Amino acid sequence: MGNPEEFPVLILQSGPSAGERFLIPPEGLLIGRGKECDVVISDRKVSRRHARLIRDGSDTRVEDLGSKNGTWVNGNPVEGRQPLRDGDIVQIALAVQATYVASDATVPLTFEEHPLEKGILRIDPRAHQVWVRETEVDPPLSVHQYRLLELLYLRSGGIVTREEVIENVWPGVDSDGVSEQAIDALVRRLRERIGEFAPEREFILTVRGHGFRLHNAP
């Protein structure tokens, strides 16, 4: 058994259990309507044993178990045992969407290394949860939105350059493959999401010619 913090995670994005997070242990996860499943989805469109996530070393694969209404990844039906990539959207029938977060998808910083000032926004990096004024951001942020917010949060008011955004939000992608427009669109969507909980506050400030910083002071 590895450290639980190193396990990949499945985050439910819709349905009555939206926001729940499930660690994917070495033995995998069984998803379905049946009570014996690890992830129980009480919806008639979901088969009793609908799908399962299988760990294969450092990789994770998803397999549909002959369900009536199918399993989908990024809008495409699952055939056989399909590998999952960080940020993939897994859909169980038409009932639930979930995001797959790989174990190596976190920003390579820790809270112990970067003491934080108290603010009205706080995050839990292990559960990928975000609160604004004690209200949890629900539905959860997308994978890319969360990574950007965590990077800004850990910088504790310091400037994050566009190059750092690319490196941490889109790991493994060459900087030429991420446009300025993609970064600006992500920042805009993140501002809108967390701004719903404190409309009078502009949390993410643009520092022209440098990058972005988080304004999280009380």
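**Exercise 1.** Describe the second largest pocket of this predicted model by its volume and its lining.

*Solution.* Step 1: the second largest pocket holds about 280 Å³ of space. Step 2: its lining is made up of 14 residues, and the closest to the pocket centre are Asp86, Gly87, Asp88, His144 and Arg147. Step 3: sort the lining by class, which gives six nonpolar, four polar and four charged residues. Step 4: look for the element that gives the largest share of the lining; this is helix H1 (residues 143–154), with three residues.

**Exercise 2.** Find the strands that pair with strand S6 (residues 59–64), and name a residue pair for each.

*Solution.* Step 1: strand S5 (residues 51–56) runs antiparallel to S6 and is joined to it by six bridges. Within this pairing, Val62 of S6 is the bridge partner of Leu53. Step 2: examine the connection. S5 and S6 form a hairpin with two residues between them, and Gly57 in the turn has a positive phi of about 65°. Step 3: S6 is also joined to strand S9 (residues 81–83), again antiparallel, by three bridges. Here Pro83 in S9 stands opposite Arg61.

**Exercise 3.** Is Gly15 buried, partly exposed or exposed, and which residues does Gly15 contact beyond its neighbours within four places in sequence?

*Solution.* Step 1: locate Gly15 in the loop that lies between strand S1 (9–12) and strand S2 (21–23). Step 2: the relative accessible area of Gly15 is 36%. Buried means under 20% and exposed over 50%, so Gly15 counts as partly exposed. Step 3: with neighbours within four places in sequence left aside, Gly15 is in contact with Ala95 and Val96. Step 4: compare sequence and space for Leu94, which is 79 residues from Gly15 in sequence, with a C-alpha to C-alpha distance of 9.8 Å.

Note on methods
Residues are numbered from 1 along each chain as its sequence is written. This is a predicted model: local features need pLDDT of at least 70, side-chain atom pairs count only at pLDDT 80 or more; totals for chains, interfaces and linings use all residues. Side-chain values use heavy atoms; hydrogens and water are left out. Helices (H or I, at least four residues) and strands (E, at least two) are DSSP runs, numbered from the N terminus. Buried means under 20% relative accessible area, exposed over 50%, partly exposed in between (1.4 Å probe, protein chains only). Contact means heavy atoms within 4.5 Å. On a 1 Å grid over the protein atoms alone, a cavity is a set of points where a 1.4 Å probe fits but cannot get out, and a pocket is an open set with protein on both sides within 12 Å along at least five of seven lines; lining residues have an atom within 4 Å of a point. Grid points are joined across faces, edges and corners, and a volume is the space filled by probe spheres set on the points. Ala, Val, Leu, Ile, Met, Phe, Trp, Tyr, Cys and Pro count as nonpolar, Asp, Glu, Lys and Arg as charged, and the others, Gly among them, as polar. Two strands pair if DSSP finds at least two bridges between them.
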